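Visitor: I'd love a close look at one part of this protein, the salt bridges between side chains. Could you walk me through them and then show me what lies around them?

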Amino acid sequence: MRKKCLWRPLAAISLLALSALTALLLAASPQTHPVGVKIAAAMFLLGAAWCGFEIYLWRNNTLRYLASMNENLEATGQSVPQHIQLPVAILNKDMQVVWYNNSFESRIACGVDFFGQELSEILPTVPRQLAEHDGADVTIDDRTYHITMSDYIRTGGETHMLCFQDITNFTDLRRHFWDTRICVMLVVIDNYEDVMSAAKQSERAAVLASLEALFDNELEGTDCICSRLDEDRFLILVEAQYYALIEHAKFPILDKVRKIVVGGKNPLTLSIGVGRGGASLAQNEVYAQQSLDMALGRGGDQAAVKTKSGYSFYGGVSKGVEKKSKTRHRAVARAMRELLESSERVFIMGHRQSDLDAVGAAIGTAFIAESLGKPFRIVLNPKATLATPLVDRLLTTHPDWLISPENAAASIQPDDLLIVVDTFSKDILEAPAVYQAASHVMVIDHHRKMVNYLDNTTLLFHDPYASSASELVTGLIQFLECREDLPQFCAEALLAGIMLDTKNFVMQTGVQTFEAAAYLRTQGADPVAVKAMFAASISACRQKSILIGDAELHGRFAIAVAREAIPDIQIIAAQAADDLLGIEGVDASFVIFPRDTLACVSARSLGKMNVQVVMEMLGGGGHQTMAAAQIKNCSVNSLRIHLIETLDTLETADSADSDEI
């Protein structure tokens, strides 16, 4: 718009106003002045014409300015997108590139001609990310871009505009933030007391010096803080970027520490609890303590890592080391007595499909309650048990000891005590409703801890180094010094549980196992009567022979599959898995069988392989040498294929670790 002087429109307006004022004055005068009237009329007409002319010029000048501005905007609209620093691309309805600016060509295309190509060919992951989220992040030439897409629907068709925002500085800052977050590691020497109790002072000093040297070598270059909290406990604070390297290597310190041997025969083992990903350093410390408890509860010699999303485990391939000290047994026995004396009634419960160990431990616990004068009941379903001979004997001699799960859930009161034996998992309780209704819970178990464990316990007696829950209950009976002698029936029930889980004193057997068996023998336990509880029918023996005969070898594993559900299949499968371990070159055995709508697998090993890890990958659990899993809505063939894939995955991982070492 051309610049214009303001005096002309002002003069025109002034002339118009002056003529109007003159006309008003003449009209108010008593005398008529014809000449004055003519002059005023002439001035008014001149002013009006002048104002009209100025308005005409202003209108033309405005239209000319608007036309010029439209031309400039059109030229700018065509040139600016081509030269702006933000990479932009236009796609047609088929997601093909039809236009992009100079910044896109230099920073995204890098000189390559992308016209006519589909977005999936240029950036394969972007279309799926855009469909699932509001945007997508891609890295191109060490730069990170956040891509947003805008859709335009017009008469001529549909187009899409992609905008690439460089967020490299933000991602670098975010990566630096997470890399420098502090992870907490708590390290405990599993067998410190047992190993060091008989060691000389010089041997202790040498072992601790070797251990500290191992820590220094493993943590060198990580800029971490390692502090000794106690004789057998260490605290390590390490940044996440360095911890990721340790976790990726699967905690090699677990294997290297076993080379430190005390007295020429006792290697050290470590349990490591890691807390990371918490909202604060304090929360990571809580995570680390929970992880350490989980690692110790699973038998030690492993690392447990907890984040907000759950647990992960590393190691745990060696046999547990038996605790020789009975200090904890004595302390638990004293606490158990106090807990029983403060309770009105006692309910005792094992796991579903109860076996001889669960029922035997429950009977032994019932004797403790009876000797202390407390009313008690054993929560058990006699129609769904694997310990039929023992349960039938219990129904004959003490039918009033049993209560159904339904009646127990309806009658338990806040002042009652629930004692759970031979399981630490919420998923396999005999009566979950009873556990949920109980205000006070005690757990006696020897299985390695699983993720979904019983967490609201008043008293916990958990020893993964023990052979069985019956062994733990026997130890408590010895320390409780009950007024009455242990009845022969109770002694034989406890001995049956020990013999079941040790496979007649072969597996997971320690010094305390034989001490417990010797004590039960002094209390009148008859081995012949106990052996009769393991008797099987002729048809069961035939079915077991068929299973073993149809077994196949997969590397160092024996796998058998029962195609049809038969009576007592769960007992037959467990016995077949035990017998398959007698085959030369077999380190672990697996027997798959159907039961109702479930596909089940019973796993056994001689200790060279941790079958608990295998079963946990299938959704089950158990012990290092004895575990199982049950999968809903799955066929035995599908479970067999899944099991073989899992075993191959573990074998591949072990081979890779061996190559790295």
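Guide: Happy to. Let's begin with glutamate 212 and arginine 228, whose side chains meet in a salt bridge with an N to O distance of 3.5 Å. This pair links distant parts of the chain, since glutamate 212 sits in helix H8 (residues 201-218) and arginine 228 in strand E7 (residues 225-230), 16 residues apart. Please keep in mind that this is a predicted model. Glutamate 212 has a relative accessible area of 37%, so it counts as partly exposed. Arginine 228 is partly exposed as well, at 34%.

That pair belongs to a set of 17 salt bridges in the structure. Another one joins glutamate 492 to arginine 393, with the closest N and O atoms 2.7 Å apart. Here, too, distant parts of the chain are linked: glutamate 492 lies in helix H18 (residues 488-502), arginine 393 in helix H14, and 99 residues separate them. The two partners differ in cover. Glutamate 492 is buried, because its relative accessibility is 1% and the cut-off for buried is under 20%. Arginine 393, at 28%, is partly exposed.

Helix H14 (388-397) also leads us to a charged spot on the surface, as the loop between this helix and strand E16 (402-403) holds aspartate 400. Aspartate 400 is partly exposed, with a relative accessible area of 47%. Together with Glu370, Glu484 and Asp485, Asp400 makes up a surface patch of negative charge.

A third bridge pairs arginine 556 with aspartate 587, and their closest N and O atoms are 3.2 Å apart. Arginine 556 is in the loop between E20 and E21, while aspartate 587 is in the loop between helix H22 (569-580) and E22, 31 residues away along the chain. Arginine 556 is partly exposed at 23% relative accessible area, whereas aspartate 587 is buried at 15%. Elsewhere, salt bridges with shared partners connect Arg107, Arg143 and Asp166 in one network.

The loops of that third bridge adjoin strands of an open sheet, so let's finish there. The sheet has 6 strands in the order E20-E21-E22-E23-E25-E24, and the pairing is mixed. Strand E20 (552-554) and strand E24 (621-622) are the edge strands; each has a single partner, so one side of each has no neighbour in the sheet. Further in, strand E21 (residues 557-561) and strand E22 (residues 588-595) run parallel and pair over 5 bridges. Alanine 560, for example, has valine 591 in E22 as its bridge partner.

Conventions. Residues are numbered from 1 along each chain as its sequence is written. This is a predicted model: local features need pLDDT of at least 70, side-chain atom pairs count only at pLDDT 80 or more; totals for chains, interfaces and linings use all residues. Side-chain values use heavy atoms; hydrogens and water are left out. Patches are made of residues with over 30% relative accessible area and no salt bridge: like charges are joined within 9 Å, nonpolar side chains (Val, Leu, Ile, Met, Phe, Trp, Tyr) within 5 Å. Accessible areas come from the Shrake-Rupley method with a 1.4 Å probe; for residues, only the protein chains shown count as cover. A salt bridge is a side-chain nitrogen of Lys or Arg within 4 Å of a carboxyl oxygen of Asp or Glu. Lys and Arg count as positive and Asp and Glu as negative; His and the chain ends are not counted. The place of a charge is taken as NZ of Lys, CZ of Arg, CG of Asp or CD of Glu. Helices (H or I, at least four residues) and strands (E, at least two) are DSSP runs, numbered from the N terminus. Buried means under 20% relative accessible area, exposed over 50%, partly exposed in between (1.4 Å probe, protein chains only). Two strands pair if DSSP finds at least two bridges between them.
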